[in-house]
Amino acid sequence: MSFFREALKRILFGCLLLSINCFAEVNNNSSIVKKLNDISRATNSIIGVSAIYLETNQKVSYNGNVPFFMASTIKVPIAVAFLHRVDENQDSLDHVVRLSNNNSIPGSGSLYHSLNKGYVDISLGKLLRLMLTISDNSASDAILREVNGPVTVSRMLHAYGLDHIMVRRSLLHILVDENGANPDVLNQSHTSKYLEKIFGQVPIAKKLFAWKQFQNDPRDTTTPDDMVMLLVKLYNRELLSDDSTDLLLGIMERCQTGKTRIKKLLPSGTKVAHKTGSWAIYSRNILKHPGSKQLFRFASDVGIISLPRDQGHIVIAVYVKSRGVSDHVRSRAIALASRAVYDHLTRNG
């Protein structure tokens, strides 16, 4: 009889421990959820965060299955698709291509300045670096053409189960849609100056309507969860060869944009291989219009954080959208969310 009483005690004690552990886990998750809720309210932003501590498999997902516009974080899957071609000996980093003014895309980067003046002969390896380090739009669309367009990128993502990363358009196509311009411009000879002129001629009411449609378009969106899984697969060498993986992560470590985002509030000297994204309305004429206050702007940063003293790696994706004009607040939201996740995972990992 005493045997059964002792066994019952052990079972009850085990259940008590299990309930305590479950309660602690719920408390831990609820604490980071509360923190991210507070950041969302304080910055008046909608935030999507996904993260995983690779070495412990501990995860955070906050609006992780909600689609967000990728902006320039779309350049990560494009880069993976290109380097996959390199691994398959279908292309080469040393391959030199000739770009013309038709390859000139306004926005971030510097290559369009040279393309507005004439032809540029440049290697695909250099285009890859420009695309990822300074987020060059002209370089990105050139690489996208080299991999035979969004369909090829989407096919690769689908093969790895990343069905919620929707690469559907070139950056030029996105800009045309966002501005409400005639899609015929996609097939016309142009410079970035010509495109900016065309965009500037679109009536404000039409442009505002186009942006309302654009901000709810499922194309070229991702869930934070799927973007993190892409980066996890990249880090684990599931997507590319060792050489291509090391090359891509090395370039992402030299990213020059987003110093006020993931890296901003992390311990000094923390190494982050990352890629940022920003998409907003900056035209003064539109900003003066009352309707512009109802439009969302977008900011993001995705990457791999190397923890100090060889403690491991945190893969993280943070997407933010808000109606505020200033990008500073969205960047601040990313920085605060990244630090909160960093503290949560390292404390509980």
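**A covered helix, a helix crossing and a loop threonine**

In helix α7, the buried residues (under 20% relative accessible area, 1.4 Å probe, protein chains only) are Leu171, Leu172, Ile174, Leu175, Val176, Glu178 and Asn179. This is a predicted model, where local features need pLDDT of at least 70 and side-chain atom pairs count only at pLDDT 80 or more. Residues are numbered from 1 along each chain, and side-chain values use heavy atoms, without hydrogens or water.

Helix α7 spans residues 171–179. Helices here are DSSP runs (H or I) of at least four residues, and strands are E runs of at least two, numbered from the N terminus. Seven of the nine residues of α7 are buried, so the helix is mostly covered. Its buried residues pack against β3, α2, α5, α8, α9 and β7 (contact: heavy atoms within 4.5 Å). Just after α7 comes Gly180, with a positive phi of about 70°.

Now turn to a pair of helices. The axes of α4 (residues 124–133) and α11 (residues 242–253) come within 8 Å and cross at roughly 45°. That makes α4 oblique to α11 (neither under 35, over 145, nor 65 to 115 degrees). From α4, the contact uses Leu128, Arg129, Leu132 and Thr133. From α11, Leu247, Leu248 and Ile251 take part.

Last comes the loop between α11 and β7, where Thr270 is found. Thr270 counts as buried because its relative accessibility is 14%. A polar atom of its side chain lies 2.6 Å from the backbone oxygen of Pro267. Leaving aside residues up to four places away in sequence, Thr270 touches Lys263, Ile305 and Ser306.

How values were computed: Axes are lines fitted to C-alpha atoms, for helices over the stretch in contact, and angles run from 0 to 180 degrees between N-to-C directions. Buried means under 20% relative accessible area, exposed over 50%, partly exposed in between (1.4 Å probe, protein chains only). A polar contact is a pair of N or O atoms within 3.5 Å; within protein, one must be able to donate a hydrogen and the other to accept it, and residues adjacent in sequence count only if both atoms are side-chain atoms.
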